[in-house]
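Biologist: I should like to learn how to read the features of a structure one by one. Could we begin with the general idea in each case and then turn to the example itself?

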Amino acid sequence: MRALRVVGLHEDGRSIVCEDTARGERFLLPADERLRAAARGDITRLGQIEIELESQMRPREIQARIRAGESVEQVANSGGIPVARVERFAYPVLLERSRTAEMAQAAHPVREDGPDVQTLGEVVAYAFGVFGQDYTGASWDSWKGEDGKWVVCLNWQTGRSDNRAHWCFAPGAHGGTVSALDENAQALMDPNAYRSLRAVDALGRPPAPAPVEEEQPTLDGEAEKVAETPVAEVPEVAGETAAVAAGDGGLPLPGVEEQVEAAKATPRPPKKKGRPAVPAWEDVLLGVRSSRG
C-alpha cells in the first residue's frame, strides 16, 4: 500500500488532492461524510454509513441490473458497495444469462422464407470459416432488454478491433428463434452476400484499374466508299485547242493564247482505258462539244 500526501482542496471544492511523493502522481479523494468520519477516527459513524449505503441497493435491484447486462464490478462501483456483496446476489443471475446464451445457439435464425433448418451456432460457425476467422476464440453472452426480451451477443476479435453481433432470442418449440439486430449479425447469417470478391496485392491493396483504350473513329459504309473512290483526272488541253480557240475569223480570242501555251507546256498524264472522256476546260468555256472519245 502506497502512502499519499494531502496537497489541498481541489478547485471544485468537493475533492481532496493527494500526491504520491515517490512517483509524483496525484489523486482525487471525494470529501464526503466517510472521509470526514475517518479523519475524526469515528469508527461508529463509519459503520453506520456502510449500512446506509448497502441498504440503498437491495438484492432485487442488484439482480435486476445484472440481468440487464451490467457486470459485478459495474454494479459495485455505481452503488458504492463491496464486490463481495454484489457477487452473493449476482451468481444465480449470471448462471441464467449463460444458460440463455447456450439455448440461443440452438435456436433457428429467422429468414425471409421462415426459420432456417440450421441452428444459430451452426450458421455462425460456417460464417467464421468463410471469413477466415477463429470461431474458438468467440464468446457468447445474453441479457434482458428494456422490453423484456432476451438479447444474445457474440464477441470476437479481429486483429486489434473488438467486434459484436446481436440477436433477439425468443424461446419456444424446437429451440426457439433468433432475429438479427445489427449489420454484423446479418453478415454472419448470410456470409456469401457480404464476402468481398475483389482481388488484392501482397500489401492488401486493390489492383489499379486497367487503362481504357480510346477507340479510333471509323467511317461508315458510305464514307468508306467515297474515300476509296479515286478522283477523276482532268486531261490537259491538246494541240488542236489553238484551232478551236481561233474562232471563225482565224483570230485568237483575247487571253486564250496565254492559256493555250500554258496548257501545252504542262505534260499530260497517260490516258486510262475504259474511262469516259472528260471535256476540256476550253470546251466548257467556249461552249464547244468535244469530239474526243
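**Reading the strands, helices and contacts**

Modeller: Let us start with a hairpin: the one formed by strand 1 and strand 2 has five residues between the strands, and among them Gly-13 takes a positive phi near 80°. Strands (E, at least two residues) and helices (H or I, at least four) are DSSP runs numbered from the N terminus, and two strands pair if DSSP finds at least two bridges between them. The model is predicted, so local features need pLDDT of at least 70 and side-chain atom pairs count only at pLDDT 80 or more, whereas totals for chains, interfaces and linings use all residues. Residues are numbered from 1 along each chain as its sequence is written, and side-chain values use heavy atoms, with hydrogens and water left out.

Biologist: How many bridges join strand 1 to strand 2?

Modeller: Strand 1 and strand 2 (residues 15-19) run antiparallel and are joined by four bridges. Leu-9 has Ile-16 as its bridge partner in strand 2, and Arg-5 stands opposite Glu-19.

Biologist: In what order do the strands of the open sheet lie?

Modeller: The order is 1-2-3, with three strands in antiparallel pairing. Strand 1 (5-9) and strand 3 (26-30) are the edge strands, each pairing on one side only. Neighbouring strands of this sheet are turned by 35° against each other on average, direction ignored; for such angles, axes are lines fitted to C-alpha atoms (for helices over the stretch in contact), and angles run from 0 to 180 degrees between N-to-C directions. Strand 2 and strand 3 run antiparallel and are joined by five bridges, and Cys-18 stands opposite Phe-27 in strand 3. Their hairpin has six residues between the strands, and there Gly-24 takes a positive phi near 80°.

Biologist: Why is strand 2 described as largely enclosed by the rest of the structure?

Modeller: Buried means under 20% relative accessible area, exposed over 50%, and partly exposed in between (1.4 Å probe, protein chains only). Strand 2 is largely enclosed because five of its five residues are buried. Ser-15, Val-17 and Glu-19 point one way from the strand, and Ile-16 and Cys-18 the other way.

Biologist: How should one read a salt bridge?

Modeller: Side chains of opposite charge can pair when their charged atoms come close. The criterion is a side-chain nitrogen of Lys or Arg within 4 Å of a carboxyl oxygen of Asp or Glu. The structure holds seven salt bridges. In one of them, the side chains of Glu-19 and Arg-5 meet at 2.6 Å, N to O. This pair links distant parts of the chain, with Glu-19 in strand 2 and Arg-5 in strand 1, 14 residues apart.

Biologist: Are Glu-19 and Arg-5 buried or exposed?

Modeller: Glu-19 counts as buried because its relative accessibility is 15%, whereas Arg-5 is partly exposed at 42%. In another salt bridge, Arg-111 and Asp-116 meet at 2.8 Å, N to O. Here Arg-111 is partly exposed, with a relative accessible area of 28%, and Asp-116 is buried at 18%.

Biologist: Which strands pair with strand 4?

Modeller: Strand 4 (residues 108-111) pairs with strand 9 in the parallel sense over two bridges, and His-108 has Thr-177 as its bridge partner there. Strand 4 also pairs with strand 5 (residues 114-115) in the antiparallel sense over two bridges; a hairpin joins these two strands through two residues, and Val-110 has Pro-115 as its bridge partner. Ser-179 is found in strand 9 (residues 177-180). Ser-179 and Val-110 are 69 residues apart in sequence but 5.6 Å apart in space, C-alpha to C-alpha.

Biologist: How should one read a nonpolar core?

Modeller: In soluble globular proteins, nonpolar side chains tend to be buried together. A core is a set of buried Ala, Val, Leu, Ile, Met, Phe, Trp, Tyr and Cys residues joined through side-chain atoms within 4.5 Å. The largest nonpolar core has 20 residues, of which Trp-140, Leu-154, Trp-167 and Leu-188 touch the most other members. Helix 5 (83-105), helix 6 (120-131), strand 7 (150-158), strand 8 (161-170) and helix 7 (183-189) each supply at least two residues of this core. Apart from it lies another core of ten residues, including Ile-66 and Val-86.
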